[in-house]
Amino acid sequence: MLRYIARRIALALPALFGLVVLTFILSRVIPGDPAATLAGDSATPAQLADIRARYGLDRPIMEQAWVHMRQVLSGDLGNSIFSGRPVAEDIARRLPATLELTFVALLIATCLGIPLGLVAALNHNGPIDHLVRVLSVGGLAVASFWLAIMLQLQFSMEWDVLPLRGRMDVPLGMPARVTGFLLIDTLLAGRGDMFVDALRHLVLPGVTLALPGLATIARFTRSGVLEALQKDYVLYARAAGYGRFRLATIFVLRNAITVTVTQIGLLFGALISGAVAIEAVFDWPGLGTYAVQAILSADYKALLAVTLVVGVIYAVVNVLVDIAQAMIDPRVALQ
Amino acid sequence: MKRHLLRACLAFGLLAAPQVTQAQAPRPLVWGDTLPATLDPHAIFDVPSQFVLLNVYDGLYRYQGNPPRLEPWLAESHTVSADGLTWDFTLRAGVRFHDGSVMTAEDVVYSFRRLLTMNRGPASAFTPVLAPERVTATGPLSVRFVLSSAYAPFLSAMPLVAIVNPRAIAPNVANNDWGAAWLAVNSAGSGAYSVVAGNYQTRVSLDIQRFADFFRGWAGNPRPVETVRVRPVMETSTRVLALLRGEIDATDSYLPTDQVERVERNARTRVARDESMRVFTIRMNNMRAPFNNRDARLCLTHAFNYEGFNNVILRGFVVRNAGPNPNNLWGNPPDLAPYAFDLAKAREHCDRARAAGVDFSRPLEIHVQNELEQTVQAAQMFQADLRRVGITLRIVPNTWPGITGSTSRSETTPDMWIHWVSTYFVDPENWVGQMYDSQFHGTWKASSWYSNPEVDRLLRAARTNLSQEERQRLYAEATRLVVADAPDIWVYNTVNLRGLTRRVQGYSFSPVGSGGEIRLMSLTE
Amino acid sequence: MTALRHLMRDPVAAFGLLLVLFALFVAAFAPWLAPFPDDAFESNIMQRLRPPSREFLFGTDNLGRDIFSRVILGTRSALLVAVSVVLAAMMIGVPIGLLAGWRDGWVSEGLMRFTDVFLAVPQLILALALGQLLAPGIFTAMVALALTYWPFFARTVFAETRRLRGALFVDALAGIGAHPARILFLHVLPNAAPAVLVRATIGMGFTILTAAILGFLGVGATPPTPDWGLAVAEARQHLPDAWWFATFPGLAILFLVLGFNLLGDGLRDAADPRLRRSRH
């Protein structure tokens, strides 16, 4: 088992290296001239040339790539072209916001999705199955920013039960920064009112983000359970008199869950980088909008850093998913 | 009912929790406008950075009011030599920086040297004529600038430069960067407000605190705002909703015209409307066919539905502008007639162009800034009307860095693109001067690649002449020639629309800064 | 054909099939069905942002164009984009997944790492970069989407192949000397098909929705194309007052994706013979 884990980690590294190279090449091809961004709107051509020389932007691309690679490998993610501040600082601020939202969304999606999928499969072709199928598919089909705005309008403006935007009410201020996760930091600061407020702010964006994931998890759980229900041992267990619910949770679910676990892994990656629209509508200061701002202002170092961070997180999640799979289904580790 | 409940809960929450200072003070002003990418005033100059420039820092001169008046600020007065090369400024005494130290001429010299050596953003107005060594202190409160050539807009560009505190910066300089890395997230100013460094997160949140020892004092404002929390809201629709709910007290200054009625209707909010100096322009690449033919350009000029765009799509919240300079700026010829939407005339010009050998068969490309809805709408409307004249227009979505990156050469500059020319400094040089003088070819402002030796002559004379009347005459003449040649299509001058809650008093608009000067404001509750 | 008959017995899947067929019909006859077919490129600013009425069933948009007509006209591009992208992604991802799942060692690990790299590249960056190399537009967006979606197929097929590799029937086939390619394409792939199909139908919706975001950033459908995603993106600024502007194209997306997914579900259920026994 430990060897399997070690192997999985070791194999993730070349992928990361490949990612850095690929993204560097791509990000330098993106429209936008970092020199123009640095020099500002009214820059004269002379200024632009000066900036290019000073920041090394006129060196051949390969040389720039090499310099940057060395920097990154030595742990320095570089400075944002725009602000001159270390990119790592910006990302360290934004990452917890994204992670917190993603965890909450994943939690909602899993806690609702797996039972829904299970119930649908057990009720195969019955009315509940149909309902779950249609609803879960609906969750995949709806445009996320449209849903976000509609939820905002209904729950914030009309009914005034949930906050409109941000992570916390502005007048309340922020708790002392320990982890960057508001749910944790507010508790550490002993501020129950802040904790509740942070939680309330997580509801709408969390639900909006969770919806497609919920649909996916429900569907894969349903199909996985349906497959597992065909297996001989289930037939045997039913014959032996096990009730359907016990059957479902003990025998069937455990074996059906492997595919779902893979999907959860894929989802995590998708949620991290794909929450842009939701971050924008709810004003959530996360990595998605940071990446878009970097693209729009041709800040290639920030872009590279975000890609790398997302890549690392993703690789870590993948390794964890594989380990979890191995633990659920020991056969996997033997391969 | 629900609103009162929410407010009551907030108040209870505020009171119940152990607070440091805010328990009795009114709710802080929450400013929902965009934040600049860096707090360093010498590293950046765009519309969002003006907020920092106006509130946290001071310059030697400053624009106030609308129409903007150039007023002495940190300087008391200035003199200029007859040849226009030597400028002497006398500084005000007793100006304190946020750390308590007193401003001297050496601080001004340091600031200008820093600006010019870093050579970013605001430096562009000065680098062609001013070298760092030529800024010297001639006394404890007097500074001298020696220019390499006469430059009339020199004074009007003064407000661009923030005077920074070298004593605050010096301990934080790393790698010869003039403290840029530190100043990006801190402040070293003398302005009415100082930055609360701990809460700053780039582009996400900025808190500023009133500076009691501000050199102009607070006598004019009995209830000044103590704390401002700048919390930009990314999405337009969310921003408007936040304003209506009172979560923010101000939106950015680009409130969509479609939202104005809604904000006005709400009891808590209103819309501040002020004519600004920001001209919406459709550029044409005059070095590429068919735009190198005047009739072809006139054909397109007459095919844009100015009335329809300004009065129907934008609901009349803009002002038709005939030429490149804003209407409300000096330097326009008095009888300048705007081009009108006239498809018959357009066809006439196109026929004449065809007779001269111009080929309209290839689709023309117009690049729009995707994030800015108005550029997309204008392009689509133009596209539909151009069809009726037999011209095919293809819309290419792009971004500001994407387009401006391509304007360094005429071969890569798009056929057409749409943008505004904002007020960097209040002088026709900012508009007609930098747009149509061929020496600026390669910059985005001059991306129409227009070249007319007579216009060049007039503009260069205006740039170096120090007499206001003479400059007025020269610019008017140059503008008349430019408009007759129709190198671009000028559509409207912006009316600045900013949503505010009614509790904000003292909002005073100026085209430079878009009304974000907090020291004049107070809150009614 | 028995599969089709079983599909018809499933009301939800039948509904999905109906939606898809309806969409295909609308796409085929769009210019004749739309009351104002010229509104693909016309603009009538005097009637902008009108609410739904008898003349304009879905109201008009910010340039006075009939939204009902534009929704109908947009069906074509929606179907074209979704189907092309998913097919292209399948053609890349399925063979890679099969190969990686079948083999062991460096081939398999290498392929899956390669897959991981593409999975981790944010779509936006890839789409914008491609937009620079090729011309910005819907074709570029399609290439970008296909290049970022194929890893999902690869991963799914990899998991399925690994699972089936241990199955008895595969051992038997190998035992009688069947060539691996034969085993993979004739035996493993059909068994993996249900999972691939489910992934494909999810991919349809994902593609349409992601294309909308790409359109906003400038590498997608260009104005004035009556693309649904572009319409929803354009409508954002006018919410919530002009609710019809975003609602109807959004609903169109919803129903088309719903149709594909329900159909996919039904096909999966119908094609899997083991399931037919288990109607409990």
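Read along its sequence, chain C runs α-α-α-α-α-α-α-α-α-α-α-α, which comes to 12 helices and zero strands. Helices here are DSSP runs of H or I with at least four residues, strands are runs of E with at least two, and both are numbered from the N terminus.

Before we go on, a word on what you're looking at: this is a predicted model, where local features need pLDDT of at least 70, side-chain atom pairs count only at pLDDT 80 or more, and totals for chains, interfaces and linings use all residues. Residues are numbered from 1 along each chain as its sequence is written, while chains are lettered from A and ligands numbered from 1 in the order in which they are written.

Back to chain C. Of its 280 residues, 60% are buried, meaning that 20 or more other C-beta atoms, placed from the backbone, lie within 10 Å of the residue's own.

Who does chain C touch? Its 20 contacting residues meet 23 residues of chain B; a contact means C-beta atoms within 7 Å, again placed from the backbone. On the chain C side of that meeting we find 10 nonpolar, six polar and four charged residues. Nonpolar covers Ala, Val, Leu, Ile, Met, Phe, Trp, Tyr, Cys and Pro, charged is Asp, Glu, Lys and Arg, and the others, Gly among them, are polar.

Now over to chain B. Its mean pLDDT, the predictor's confidence in each residue from 0 to 100, is 89, with 95% of residues at 70 or more. Please go gently with residues 8-23 of chain B, though, where pLDDT stays under 50. Helix H12 of chain B, residues 373-387, is mostly covered, with 14 of its 15 residues buried.

Conventions. Contact = placed C-beta atoms within 7 Å. Expected span 1.5 Å × (residues − 1). Buried ≥ 20, exposed ≤ 12 C-beta atoms within 10 Å, placed from the backbone.
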